[in-house]
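Let's walk through this structure together, one region at a time. Keep the view open as you read, and turn it as each part comes up.

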Amino acid sequence: MKFRKVTALLLAAALAAGSLAGCGSGKSAEDDSAEAKKVENEVNKTASGEEVTLTMLIDNGTEPDGYEAVLALAEEKLGIHVDVEIRPGGDEGDNIVKTRLASGDMADLCIYNSGSLLSALNPSEYFIDMTDSSVASTFDEAFTKAASVDGVLYGVPFGSSSAGGVMYNKEVYEKYNLEVPETWDEFIANCDVLKEAGENALIGSFGESWTAQVPYLADNFAVLQKEPDFPEGFTAGTKKYATSEAGLRSWQKLAATTPYYNKDYLATNYNDACDMLVNGEGAHYIMLTMALRNIYSLYGDEVNKIGFFPIPGDTPEETGLTVWAAGAIYGNKNTDKVDDIKRFMEFWVSDEAIDAYVEKVLPDGPYHNGYQLPDTAYDAVKVDMQKYFDEGKTALALEFLTPVKGANCPAICQELGSGQTTPEEAAAAYDEDCKKQAVQLGLDWK
Amino acid sequence: MNKKKIYSTWFLAPAMLIFLIFFIIPMITSLFFSMTVWDFKNFTFVGLDNFKMFFSERSLNIGIKNTLIYAVLTSGLKVILAFLIAVFLSSAIRTKNIIRSIVFFPNLVSTIAIGITFTAFMHPSKGIFNKVIEFFGGTGIDWLGNINLALFSVIATDVWKGVSIATVIYVAGIASIDKTFYEAASIDGASGWQRLKSITIPLCRPAMNSVIILSFIGGMRSFDLIWAMTGGGPGFATDVMASIVYKQYAAGFYGLSTAGNVIMFVLIAVLAFPLQKFLLSKEVD
C-alpha cells in the first residue's frame, strides 16, 4: 500500500514537472518568434521610420489570398504588420464578435457585415468614427448608408458590392433554347420546360439554412418598385409583410420555387450547389454573386459558363438588381493605435491595395468607390450585372435600408421553401420575428 | 445536541462560498435579466414580456414540445435497450469483454463528430443508409429533411450514442446482485424469465433509476447533437429549448435568451425532482 502511495506521488510529481516543462518550452518558443518579429520589424523601422502591429478579426468564409496580398503590401508601404485572427461565420461568428466587443477584447480591425447587422452591434461604443476621414467622400451613397448608424460612418468597404439573383448555366439554356426571362411568369415557364425534360430546374441548398433566404431577400427591387416607402414604414412598424401586397409577393415567389428544386435540396449545402451549377446538374441557382468567387476558385475559367439575371418582377419594369453593399472593416476605437488603424483603413481602399486584392480574388460586383473593374472580371459581373448598374435599375437589399432584420429569417424561409407553411403564414411569422429585433433596438412597435 | 460534532461549521465555508459565487449569484442575476431587454451595457426592465413572447410565439414555444418529446423518447429507449444489452452482456458469453468495449465505443467519440457523421449517413441521395435501403429494393427516406421524421432521426442517433453509458450503469447494477439469489431460485425451479422478472429487475432498480434520471435530464438540455445535425431545421422542426436559447443569444436578444434559460431550468426542476422522488419511493432494499 505504502509502495503504491509513493508511486502515485512520484507520478504526480512527474506529471507536474512535465507540464511545467511544457509551459516553459512553449514560452521560450514564443520568445523566439517574438524575437524574430522584432528583427523583422526593425527592418521595417529602417524603411518607414516606425513599427506597428495590428490585429484583424475576419471570418473563415473569406478567401485569404486576397487580403493576404493586401496585408503584405501594407507591411511594405505603411510599415504596419497585421496579425490575422480567424473566426467562424454565421451565428457563431456573430456571437464571437458581440462577445468580444462587450468584453473589450476586440481586435484592432474587425471585418463584419454592414447594414442591419452593424446597427445591432451598438457601433458608437466601439468603432472609430470615419465620417471625416479623407476617403469617406469617395464612397457611393449605398455604402455610406449601409456602414453608417445615426449618420456616423464607421467602416470602409472590405471588398466590392455584390448582388442577389438567379445564376444560370448558359450551356443548359442553349441546350433547351431558353431565353433569359424578363418577368416572373417567363422564369417559371423556363423552369417548367426544364422540369419536364427531367432536369433540376432550380438548385436548392437548404442544407445550409442561410441560403434559403436569398430568393426572398433578392426580391427587394420589385418590392421597392411597388412600394418605394416600404423600408421606412417597416422600420417605423407601420408596414408589415403580411399586410403589404408588394411584401407578400416576395414570399409567394419563394413558395412558388418549391416544386422545381433538386430532390435532395434539404440536405444539399452551398458548396455542393455551386458544383451542381457549374457542372450543369441544375439550371438555376438563386444566390448571391459571391458564389462566382467560389466557383472560380474551384473551376477557374469555367466560371464564365455561368450567367446572371435578377429575380424577375411581375413586369419587365419591376425587374431590377437587388444589391448587397460590401462588408466593412471597422476600427476599434478603444485602443491606443487609433491613428495607425485609420491609416490602414484608408490604405485599404486605395487603388493600389484594391489592385493587389483583385489580382488574387476577382470582384463579385462593382466597387463602392468607383474603382474600374478589371478586364478579367467574370462575364456575369462585367456584362450581366453591369447592365443594370448602367441603366440605374438597382436597389439595396432591405437589410441595408432598415436596421430591423429578423434573426429567424433563414429558418422561416427554409420552412416556407420546404412547403411546411403558406406564404401568408411565413410573412406573418417574419413580422412577428422582426418584433424581437425592434424591441432590442428600442423601436416603438406596438 | 451537538456533542457528536467534531468539525466546525466553518469547514463548510469554502464550499459554500464557491457555491454562492458561481451558482446562487448568477442564478439571481439571470432571474433579473430575464425580465429585461439587455445588450450587455444597458438594460430596460420589461417585466414578464420576455416570458409572454416565449410562450406566445410559435418559433419559441415549439421548443418546449420538442424538448419533452426528445427527453421522454431518448430516456425511455435508453432505459429499455440498455437493460436488454446489459442482461445479455452479464450472461455467460465468451466474448463478453470485447462486446462490452464495442458497446462503449460510441461514447468515446465527440458528439459533434457523431452528428456530422450521421448527417452524412442520412443524406437523402448519397447517404449510406439510403444506399443500403435502395440496394434491397426499397425507396430512400429523407431522414433529416422530412419534418415529421427529422426529430426522430436525431433521437435515434442520440440513443445510439447514449445507450453505452446506461449499459455500463446497468452492468454494474446487475453484477452487484448476490449470486445466491439466482442459486436459490434455480433450486426452486425458476425459469430464466422468472429469474429476470423477480430477481434481476427489482434488484437493479437503483441502477435503473440512475439511468432514467440521468438520461431524462440529459435529454431535456440536449443541444450539441441537434445543433450538429439539423441546426433546429428544417424550419423549426427539430428546435429544442437549448437550441432556441442559443439562437436568441446569437441574435443578440440577451434578455430573451436568459428568459429561455429560466424556463428551461424551471421545466427541468418541475419534472426531474418529482420524478426522482417517485422513483426512489419505488426502490426496494
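A good place to begin is B:Leu81, which lies in helix H3 (residues 58–90) of chain B; helices here are DSSP runs of H or I with at least four residues, strands are E runs of at least two, and both are numbered from the N terminus. This is a predicted model, in which local features need pLDDT of at least 70 and side-chain atom pairs count only at pLDDT 80 or more, while totals for chains, interfaces and linings use all residues. Residues are numbered from 1 along each chain as its sequence is written, and chains are lettered from A and ligands numbered from 1 in the order in which they are written.

Is B:Leu81 buried or exposed? B:Leu81 counts as partly exposed because it has 16 C-beta neighbours inside 10 Å; a residue is buried with 20 or more other C-beta atoms within 10 Å of its own, exposed with 12 or fewer, and partly exposed in between, with C-beta atoms placed from the backbone. Apart from neighbours within four places in sequence, B:Leu81 is in contact with B:Val159 and B:Val163, a contact being two C-beta atoms, placed from the backbone, within 7 Å. B:Thr167 is 86 residues from B:Leu81 in sequence, yet their C-alpha atoms are 8.3 Å apart.

Now turn to chain A, where 5 strands form an open, mixed sheet in the order S2-S1-S3-S12-S6. Strand S2 (80–87) and strand S6 (155–157) of chain A each have a single partner strand, so one side of each is left without a neighbour in the sheet. Strands count as paired if DSSP finds at least two bridges between them. Strand S1 (residues 52–59) of chain A runs parallel to S2(A), with 8 bridges joining the two; among the residues involved, A:Leu57 has A:Glu85 as its bridge partner in S2(A).

Where do the two chains meet? The contact takes 27 residues from chain A and 26 residues from chain B. On the side of chain A that touches chain B, helix H3 (90–102), helix H17 (409–417) and helix H18 (423–441) of chain A give two or more residues each. The largest share, 6 residues, comes from H18(A).

Finally, a word on confidence: chain A has a mean pLDDT of 86, with 89% of its residues at 70 or more, pLDDT being the predictor's confidence in each residue, from 0 to 100. Over residues 15–48 of chain A, pLDDT stays under 50. Where pLDDT is low, the predicted coordinates should not be read in detail.
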